[in-house]
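Please walk me through this protein model, from its overall make-up down to single residues and pockets.

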Amino acid sequence: MAAKTRFLNSELSFKRIKEGDLQSLSAFSCGCPEIDDFFHDEVRLCRKYGYLIPYKCTVTDTGEMVGLFTLANDILSLEYEDRINFPNLSAEYADIFSRQPTYPAVNIGHLAVRKDAQSKGIGRIIVDFIRLTFTSIRISGCQFITVDALNNPRTLSFYTDKLGFEFQTLSDLGKHTRRMYLDIFSKPE
């Protein structure tokens, strides 16, 4: 049990990755070649051209990098029947919400936890940090977190079972990634 509680919010720091920090990412590995290759080779250009903003998650005392993630603006489009099932939606806003064609969102483009630090709650802490940032700072409208999760049982279980994300569509069932979303005002699981 101690290994699962080692990382607490007070022990982790989150910082934007600057140009000078990009070199340090080459030693990072989450064990998924596709995600590792992105952080080793592609993140520099995506950051340079404003496609996304990369962040690192470090242990506060040691500076040890244990997680990486990227954020970008996004929108969520929901079918009409999917717009009515939000338990945290106030009655005064429900009519306006149901008439919107799209909803403001932040997209987790990539989320990686260092291979030897996985299954210790760091991924959940990163998503909780994103949720807290967009519900408390409120620098722009944001109602959802979106992700195009790798379509494998472990990743899908992390997002759905552990964090409460929902699938946006069934049309991507057999594709490489699955589109998912989370209401940022829902209570963390």
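The paragraphs below go from the whole chain to one helix, a few residues and two pockets.

This is a predicted model, in which local features need pLDDT of at least 70 and side-chain atom pairs count only at pLDDT 80 or more, while totals for chains, interfaces and linings use all residues. Residues are numbered from 1 along each chain as its sequence is written, and side-chain values use heavy atoms, with hydrogens and water left out.

The predictor's confidence in each residue is given as pLDDT, from 0 to 100. The protein chain has a mean pLDDT of 87, and 90% of its residues reach 70 or more. Over residues 1-6 pLDDT stays under 50, and there the model has six contacts beyond four places in sequence; a contact means heavy atoms within 4.5 Å. Where pLDDT is low, the predicted coordinates should not be read in detail.

The protein chain holds five helices and seven strands. These elements are DSSP runs numbered from the N terminus, with helices (H or I) of at least four residues and strands (E) of at least two. From the N terminus on, their order is α-β-α-β-β-α-β-α-β-α-β-β. Of the contacts in the protein chain with a separation of 6 or more, 70% are between residues 24 or more positions apart. Of the 189 residues, 42% count as buried. Buried means under 20% relative accessible area, exposed means over 50%, and partly exposed lies in between, with a 1.4 Å probe and protein chains only.

Helix H4 covers residues 122-136, and its end C-alpha atoms are 21 Å apart. That agrees with the expected 21 Å, because its 15 residues are counted at 1.5 Å a residue; the expected span is 1.5 Å times one less than the number of residues. Buried residues in H4 are Ile122, Gly123, Ile125, Ile126, Val127, Ile130, Arg131 and Phe134. An α-helix has 3.6 residues a turn, so residues three or four places apart point the same way.

Both sides of H4 in sequence offer a residue with a positive phi: Ser119, at about 65° although it is not a glycine, and Arg138, just after H4, at about 55°. Most residues other than glycine have a negative phi. Ser119 sits in the loop between E4 and H4 and is exposed, with a relative accessible area of 53%.

Three strand residues show how the interior is put together. Gly67, in strand E3, is buried at a relative accessible area of 0%. Gly67 touches Phe28, Tyr55, Lys56, Cys57, Ala112, Val113 and Ile126, leaving out residues up to four places away in sequence. Ser29 is 38 residues from Gly67 in sequence, and their C-alpha atoms are 9.4 Å apart.

His110 lies in strand E4 and counts as buried at 17% relative accessibility. Beyond four places in sequence, His110 is in contact with Ile35, Phe38, Phe39, Leu52, Leu68, Phe69 and Thr70.

Ala149 belongs to strand E5 and is buried, at 2% relative accessibility. Among the residues that Ala149 touches more than four places away are Thr155, Leu156, Tyr159 and Thr177. Ala149 and Thr177 are 28 residues apart in sequence but 5.2 Å apart, C-alpha to C-alpha.

Last come the pockets. A pocket is an open set of points on a 1 Å grid over the protein atoms alone, where a 1.4 Å probe fits, with protein on both sides within 12 Å along at least five of seven lines; lining residues have an atom within 4 Å of a point. Volume is the space filled by probe spheres set on the points, which are joined across faces, edges and corners.

The largest pocket holds about 1,200 Å³. Its lining has 44 residues, with Leu111, Ala112, Thr155, Phe158 and Tyr159 nearest the centre. Two or more lining residues come from each of H2 (33-48), E3 (65-76), E4 (103-113), H4, E5 (144-150) and H5 (153-162). E4 gives the largest share, seven residues. By class, the lining has 20 nonpolar, 15 polar and nine charged residues. Ala, Val, Leu, Ile, Met, Phe, Trp, Tyr, Cys and Pro count as nonpolar, Asp, Glu, Lys and Arg as charged, and the others, Gly among them, as polar.

The second largest pocket holds about 350 Å³. It is lined by 16 residues, and Arg16, Ile53, Tyr55, Leu71 and Phe134 are closest to its centre. Strand E2 (53-59), E3 and H4 each give two or more residues to this lining, which has eleven nonpolar, four polar and one charged residues.
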